[in-house]
Amino acid sequence: MIILGIETSCDETAVALVKDGTEILVNLVSSQIDIHRPFGGVVPEIASRAHLQTLVPLLQEAMDQIGIKPSAVDGVAYTRGPGLIGSLLVGVSMGKALAYAWGVPPIGVNHLKAHLYAPCLEGNVLKFPLVGLIVSGGHTLLVEADSRESAWSLGGTRDDAAGEAFDKVASLLGLGFPGGPAVEKAARDGDPDRFQLPRPMLKSGDYDFSFSGVKTAVRYLVERIEREGEPIPTADIAAGFQAAAVEVLVAKLQTAAKAFRARTVILGGGVVRNGELRHKVQKVFTSPEQQLLISSPDLCSDNAAMIAGLGCLILAHGGGGDWEADADPNLAWGVGLL
Ligand code: KG4
Ligand code: ZN
């Protein structure tokens, strides 16, 4: 079964073709980072226009690269949410139009669930119970699953998403956009213990997160050092912030994995590209009874292979074919992994 995947939820236009849910035939991502950089963040209106310009040529390139004809495609999966409404509408419209023209089912996919599917593209098989953490620019979410059909949100951020906090701290430190990779790079030369930044909600006893406090602490710190006329110790602050964010993420994931006796721990989303986070989870989850699934960095950030892969599974489980699966910027987790 070959599924075309389309991803346009934020600032990456992406197209992929995936066979049988695991074999990536082609996976193209066109990033808009350079377009948004002068604005210091993603500008929604510009993002949707750029998707509109890029999507058709990217689709043509993907089909040409592997020499596939529309008649070989069994379904069209597209991200229906959550994300920026204007951006989502471009992908949803294209996905439905192609499905209609090709006479195959449209498959609306939840972007967050697709992030957790990403490690399955690399041949990993899920064992239940499972605990998953999605950390991206727009979301920070912990989920628990007893089976594919029964998966629930345990908690999420009460304010900024983890990636958003990285982006804002980068901006406070003058490190540019996108912030996550810039903070990680700066932190390499820094001392994470020089400034003790808060670990918000570390001991809150639930599975919620909060990142705005640590971001504000960074702002006050920068302002104080500026008032004192000293140079900003960018590397030390970046390292301190990264350590605080990673500690909270890993601690909550660890608590959930223990509470639900997880046999699989999965991480997904752009922030999982972060080397410190990857290193810390690899150090913590070492039990042979528990598999830790983290995909390769390129499959952590937004891509269409994860959309096509999950779309394939949805179709195989009798889903898809719903022409009403429209763009929903606030699409909730709901129930299940599909
Ligand atoms: O999943 P993603 O590609 O897009 C969304 O669905 O949001 O995640 C993008 C987020 C951005 O906030 C970006 O700064 C962050 O992931 N990110 C990182 C790193 N690379 C990307 N955060 C920390 N360290 C990184 N190396
Ligand atoms: Zn994402």
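These legends walk through close-up views of a predicted model and its bound ligand. Local features need pLDDT of at least 70 and side-chain atom pairs count only at pLDDT 80 or more, while totals for chains, interfaces and linings use all residues. Residues are numbered from 1 along each chain as its sequence is written, chains are lettered from A and ligands numbered from 1 in the order in which they are written, and side-chain values use heavy atoms, with hydrogens and water left out.

**View 1. Ligand 1 lies between domain 1 and domain 2.**
Both domain 1 (2-117 + 299-316) and domain 2 (128-262) give residues to the shell around the ligand, so it lies between them; the bounds come from an automatic or database domain assignment. Ligand 1 sits in the largest pocket. Here a pocket is an open set of points on a 1 Å grid over the protein atoms alone, where a 1.4 Å probe fits, with protein on both sides within 12 Å along at least five of seven lines; a molecule sits in it if more than half of its atoms lie within 2 Å of its grid points.

**View 2. A shell of 18 residues surrounds ligand 1.**
G137, D167, E184, G270 and D302 come nearest, where a shell residue has a heavy atom within 4 Å of the ligand. The shell divides into three nonpolar, eleven polar and four charged residues, with Gly counted as polar and Asp, Glu, Lys and Arg as charged. At least two shell residues come from each of α4 (111-117), α5 (162-172) and α6 (179-187); helices are DSSP runs of H or I with at least four residues, and strands are E runs of at least two.

**View 3. H111, G180 and V271 make polar contacts with oxygen atoms of ligand 1.**
A polar contact is a pair of N or O atoms within 3.5 Å. The side chain of H111 places a polar atom 3.3 Å from a ligand oxygen, G180 brings a backbone N or O atom to 3.0 Å, and a polar backbone atom of V271 is at 3.5 Å. The protein covers 88% of the 560 Å² of accessible area that ligand 1 has on its own, by the Shrake-Rupley method with a 1.4 Å probe.

**View 4. Two loops hold a cis peptide bond before proline.**
Most peptide bonds are trans. The bond from G81 to P82 is cis, with omega near -10 degrees, and P82 is in the loop between β4 (75-81) and α3 (85-102).

Key. A polar contact is a pair of N or O atoms within 3.5 Å; within protein, one must be able to donate a hydrogen and the other to accept it, and residues adjacent in sequence count only if both atoms are side-chain atoms. On a 1 Å grid over the protein atoms alone, a cavity is a set of points where a 1.4 Å probe fits but cannot get out, and a pocket is an open set with protein on both sides within 12 Å along at least five of seven lines; lining residues have an atom within 4 Å of a point.
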